[in-house]
Each structure stands twice: as structure tokens, then as C-alpha cells.
Number of protein chains: 2
Amino acid sequence: MSNTQTEIKSIGEFGLIDFLTKNNETKLASTLVSVGDDAAIIDHYGKQTVISTDMLLEGIHFDLMYFPLKYLGFKAVTVNLSDIYAMNAQPTQILVNVALSNRFSVENMTEFYEGIYEACNEFNVDLVGGDTNSSQSGFIISITSIGEVTPNTYVMRSGAKKGDLIAVTGNLGAAYLGLTLLEREKLIYQSQPDVKPDYENQHYILNRFLRPLPQKFLIDFFEEQKLVPTAMIDISDGLSSELHHICNKSQVGCKIYEEKLPIDQQTKFAASTFNLDPTMCALHGGEDYELLFTIDPKKYPLVEHHPNISVIGYVTDLEDGKKLITKSGKEIDLKSQGFNHL
Amino acid sequence: MSNTQTEIKSIGEFGLIDFLTKNNETKLASTLVSVGDDAAIIDHYGKQTVISTDMLLEGIHFDLMYFPLKYLGFKAVTVNLSDIYAMNAQPTQILVNVALSNRFSVENMTEFYEGIYEACNEFNVDLVGGDTNSSQSGFIISITSIGEVTPNTYVMRSGAKKGDLIAVTGNLGAAYLGLTLLEREKLIYQSQPDVKPDYENQHYILNRFLRPLPQKFLIDFFEEQKLVPTAMIDISDGLSSELHHICNKSQVGCKIYEEKLPIDQQTKFAASTFNLDPTMCALHGGEDYELLFTIDPKKYPLVEHHPNISVIGYVTDLEDGKKLITKSGKEIDLKSQGFNHL
């Protein structure tokens, strides 16, 4: 937070909107009308529209003690775009509603919107609407994303079939460890405010939590390869919980292998310093915003050598349950709970 | 609020979503995928998409002391649809995000969603997504509406031209008086809890505030008549404030006539009991959700005899300012502030 702070009421609600959107340039030909009217107008070109929305609340979803506002703006957008990619679609526009109490200044909001615009630019989407409100306490964000998809190539959670391969992008567990590190440093700060936080060699896990990148590459790759997965979901609550969603919606079971779980070396190192099992972090940590998908096994050659895709198991019959094969060869039930419930 | 209350945590977040959406039937062929996946999928038929979003916060936008939850759900939807109609479009889908503290029960949310579904049915829109969250205090609602419009017949705030007629639907000022009545009864209740509120003969103004209906008829009428207004906006902050928006965006002035302002008899009666000037209520009251629009004067015969449309003035040059001609013939400046700033 910078030193000269302008009270939001000094410029008013309309003034704040004007101020925050004055540099908002429209990038897409499909954006016919952007912010500044009752609603935005979006054109279509024989495509189907995909739409998703999420709400983030201070104290529930984020802690401003360690979440810089610019990162928060960036993440608020990217986690929403992640839902659009998870349908095998390309995001095109977003709308942003915020509510904030009077402890926030115009400079704070400028920082937050810098993150929003950075995400919009990086993923080629237009900000086309939304409003700002007063809140009685805290900071509330609600974002809606729109995307487009070639007719009938969208991918739901419900299409997985017995024998399909189960795959994930990137690697798992790092975001949870980033959060764990920030929570630890917060506790230290609260008891010893003069101790500087020590984030040396931890930038990877911190960035995975503070600045998640959605998996646009996978949607581009599917399009190039003319590959349509049978089911897909983004990993916000942890691999295990998302696998449960796919299995339940598709009425199938699954078998995944602990040794196949992609976990970065830095995640393993961080887990060891916290005395945590990296497999548990990967299964239940959440907030990785990788994509989890299933494909016809005949398509295996297309993904086999991709450096950013790991096949971790396969789809089974509903009656076979949801199973993890441990490194020691033991078959155990996959729990759907998040980390805190273990 | 009913007597048997189920704690929301007893059914969990996923349980709550399932419970609240289990009777959500899809009405529109364009709704390809509804709630239950990462995002909704909406088809298009050579139309353009219109999208708008709004946030409502307890203690800022509504007071649950006098706002029944079912009415709140209905109003949260209808005020959003009003923005879609204000673009000369037909709403088709909505997404609803809510956040609530643990003082709300499953029964409370059921009541709220009854209002949401009632509005969806009445205005033929599908609920296709959104999520529920915990809040640390109070009830927060964020709604996004999608609509469709025949290409290039959407109407912005910026198209008003000198000489255009200025018209409004329905009548003005009643919602503000409904709010004033509810606020008065709240104060009485707070000092004398045993005195029953007296709402006799006040149902019209109460309903105008608690259960606003957006002006779908006007969009249907425009389509039938092949009439496209030059500018349009919905009246949420009061006629005067909305006229300022149209004039500022269109770079024009306006002249309206006090004697032409449509004010219901019941509004005039209620205003007199509160010692308020009905003209001030109509100009600055807000929350009426009528539509304000401008049309080419050649189209006057099309609207002249419509029982639900009033022509109240005309568009002038920017340099002529924004003027009200009072009943006594005096020309005064139209202020843009809401009622409380008078």
C-alpha cells in the first residue's frame, strides 16, 4: 500500500468506476459494447458461449496480511478463467463486481485492478462490466467469465468412460505449501513483528499460491491435435476431490498411482521442511489450478511425450470404487476431503 | 423464517448447492449445460449476447428486518434483468453467487431461492450457475444476467439526439415511498416492539419497493412495432440521475415537464402523509425500475396512446443544459443527486 491515500468517497462511486476503467482498451472484435452502459454486448460467430462465476471474500478465501492486492486481482481473474478452460473453451470477456469498506483507498483499488488488467492482457480477455459497492466490512470480489467454444466440443465432468486414461497438467501440491508457508510466517509476525519473513528459495511455491496460471496451453494443444477429452475439471479443491466429482458425475470408478503423481522437487523439499507428506499435499492440497481430464486410451500417443501432461491412472467401473495404488503397491480408498479433514 | 431450522454446515456446501438447484428445470433450448459443471454453456442463433452483473449487500442495499427473503430473491433477479431490458434485449440466463454467515439456515436459503425461481419463471430465464460461500457477516448476493438481442438492435445510453422525445414507462416515486414507510415502521418497532406495523392501503407502494417488475412489455412492444429507441436506461437511482447519464453519454441536454411526470394517485397520497413532494420522489427516489428512453419524434404516433408510456420532454443541445419546467412554468436545473442529497 502506497503512502498517499485518496479516500474513495472523495471521488464517488461513478468517479471510481471511471478512474479504474479509463485505460481499459477493448482487445476483441467480439466485444461490441464494454463497461459504461447497463450491460455489455458480445458478438458470436457460430460459436457457443461458456459462462462461469465465482465469489471471493476477505477472511474466507484470502488474507490481505500476506496477499498483495495486485496478486489478488490477478488471481481473482485467473481462477475464474480456469473454469472456462476446464470446459475446453477459450475465455473472451470478464465482469468484475467488488465491494469494499472505507479502509480501502483509491490507490489500493488501483493496485488491485493492475492485477486484473495484467491477467486480462496475459490471457487475452476483455473486462466488459461490473460495479463497485460499499461493504460494511472487508473486501468482496465476484467475477463472471465468458468464453467461446466451437459448437459441441465443450467438455463436461460427466463424460468419463471405463478404460479412459486419467491425466493432469503440470504438477500438484505446490500451492498448498505456498499457503502453509505464508500462514507460518503470519503467525511468526504476529508474535514477533520485528522478525523479517524468510522466503528465500521458496518463490516457486509462493508463486504457485499467489499467482496461479490457468492452463491455456492445454486447450490450445487439444485444438491443434483435434483431441477432445471425455471429461475435464480444474483442480481447485485438490486432485482427490476433483476426481470424485468426475467419477460421481460420470458414474464410474478410478484407479490412480501414487508414483505417477507429478510433484515438483521444490514441492517435495518444502513438504519435508513442514513435515508433510508430498503425496497428501498433491491429493488434497488444492488451489493448483491444473486441469484434470480423461481421454480415450487410443489417444495416448498424442499425450505420451508432452512434457506438461502426466497420465496418472485410468477409469474403472463404478463398482470398483475410487482407488489409489501406493508406491508400496497397496490399494487404498481415495478420500474426497480437503487437506484439513485428513 | 420457519421454526425448524437446518444448519447449513449439516449439509455442506455441495449439499446446499444440490439442494437449492434440484428443482431447477431448464426452460430454454439455448441452455445447453446448466448448473453442476465448471461453467454453463449457452447456444446462440445468430443473435448477440448481452451481459450484466450486480452485487447486493446486506446493510447497504437491503435490510432483512423488513425485507422477506423470498422477495429479496425475486428482486435480486429482477433488478438485474432490468439492465438487460435496458439494452433492448431479452434476458435468457442468470448466474447467482451468494455468501452468508452461519445465522442463515437451509430454510432461509430455500425461501430466498423460491423468489429467485419465481422471477426466473415469470421472465422466462434459466438459472445456469453460481456458487455459495461462507461470509463472516451478513448476506451478499452477486447476480449476472445474460440476454440476447437481434444483431445491432441493442440500445445504449449514448444515442440520444437533439429533438428526440424523452419517455418513461409506468410511474415514478412509489418505490421510494415504500422504502420510506418501511424505514418508519422499523424505527417505531425498535422503540415500541409491541406496536404492530400498519401497512393498510399501502400495498402498492410496498410492492413497488419490495417486488419490482422489470419492463419486459416495452421490449416486446418495440419488437412488435419495429421501433428501436435512440437511447435507453433503467431507472434505479431516480429519473434525474438517469437522465444525466443519457445526456452525458449522448452529449446533449434535455428539457422535461413536471406536469408530464407519471405519478400514481397512491404515490401522491403516500407522499402527502410523509410531507414529501411527489415530484421530488419521482425525480430522485430511485428503485422504480421503469425504463427511460428517447425516440425519434417521427415515431411519436407509435407511443402516443400507449397506456403505460409517458412522453415527459425532449432532447436539447448540450449547451442548453438539463432543465425541468415546473408546473408554474419556471425553468430550473435538474440535479443529478439522489434523494438524500437534496
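The exercises below, each with a worked solution, look at a predicted model of two chains, A and B.

**Exercise 1. The contact between the chains**

Work out how many residues each chain gives to the contact, and which element of chain A gives the most to the side that touches chain B.

*Solution.* Begin with the totals: the contact takes 46 residues from chain A and 46 residues from chain B. Next, ask which elements supply the side of chain A that touches chain B; those that give two or more residues include strand 1 (31-33), strand 2 (40-42), helix 2 (69-85) and strand 4 (90-100) of chain A. Strand 3 of chain A gives the most, with nine residues. Finally, sort this side by residue type, and it divides into 21 nonpolar, 17 polar and eight charged residues.

**Exercise 2. Strands that pair across the contact**

Find which strand of chain B is joined to strand 3 of chain A, and which residue stands opposite A:V50.

*Solution.* The partner is strand 2 (residues 40-42) of chain B, which is joined to strand 3 of chain A by three bridges, and the two strands run antiparallel. Within this pairing, A:V50 stands opposite B:I41. A:V50 also appears in another setting, since the largest nonpolar core has 198 residues, and A:V50, A:M87, A:L292, B:V50, B:M87 and B:L292 are the members that touch the most others. As a general background, nonpolar side chains in soluble globular proteins tend to be buried together. To follow one of these core residues further, take A:L292, whose contacts beyond four places in sequence include A:V168, A:M232, A:I233 and A:L243.

**Exercise 3. How the copies are related**

Determine what turn and what shift along the axis lay chain A on chain B, and name the resulting relation.

*Solution.* In general, two copies of a chain are related by a rotation about an axis and a shift along it. Here the turn is 180° and the shift is 0.0 Å, and the fit has an RMSD of 0.0 Å. The two copies are therefore related as by a two-fold rotation axis. The same surface serves both copies, as 100% of the contact residues of chain A recur in chain B.

**Exercise 4. An open sheet**

Give the order of the strands in the seven-stranded sheet of chain B, and explain why two of these strands have one side without a neighbour in the sheet.

*Solution.* The order in this open sheet of chain B is 9-11-8-12-10-13-14, and the pairing is mixed. Strand 9 (231-234) and strand 14 (331-333) of chain B stand at the edges, where each has a single partner strand, so one side of each is left without a neighbour in the sheet. Neighbouring strands of the sheet are turned by 25° against each other on average, direction ignored. For one pair inside this order, strand 8 (residues 165-169) and strand 12 (residues 309-316) of chain B run antiparallel and are joined by five bridges, with B:I309 as the bridge partner of B:T169.

**Exercise 5. A residue in a loop**

Decide whether A:F274 is buried, partly exposed or exposed.

*Solution.* First locate A:F274, which lies in the loop between helix 8 (265-273) and helix 9 (278-284) of chain A. Then count its neighbours: a residue is buried at 20 or more other C-beta atoms within 10 Å and exposed at 12 or fewer. A:F274 has 13, so this residue is partly exposed. Leaving aside residues up to four places away in sequence, A:F274 touches A:L177 and A:T180.

Definitions and conventions: Residues are numbered from 1 along each chain as its sequence is written. Chains are lettered from A and ligands numbered from 1 in the order in which they are written. This is a predicted model: local features need pLDDT of at least 70, side-chain atom pairs count only at pLDDT 80 or more; totals for chains, interfaces and linings use all residues. Two residues are in contact if their C-beta atoms, placed from the backbone, lie within 7 Å. Helices (H or I, at least four residues) and strands (E, at least two) are DSSP runs, numbered from the N terminus. Ala, Val, Leu, Ile, Met, Phe, Trp, Tyr, Cys and Pro count as nonpolar, Asp, Glu, Lys and Arg as charged, and the others, Gly among them, as polar. Two strands pair if DSSP finds at least two bridges between them. Copies are superposed by least squares on the C-alpha atoms of residues with pLDDT of at least 70 in both. A nonpolar core is a set of buried Ala, Val, Leu, Ile, Met, Phe, Trp, Tyr and Cys residues joined through C-beta atoms within 7 Å. Axes are lines fitted to C-alpha atoms, for helices over the stretch in contact, and angles run from 0 to 180 degrees between N-to-C directions.
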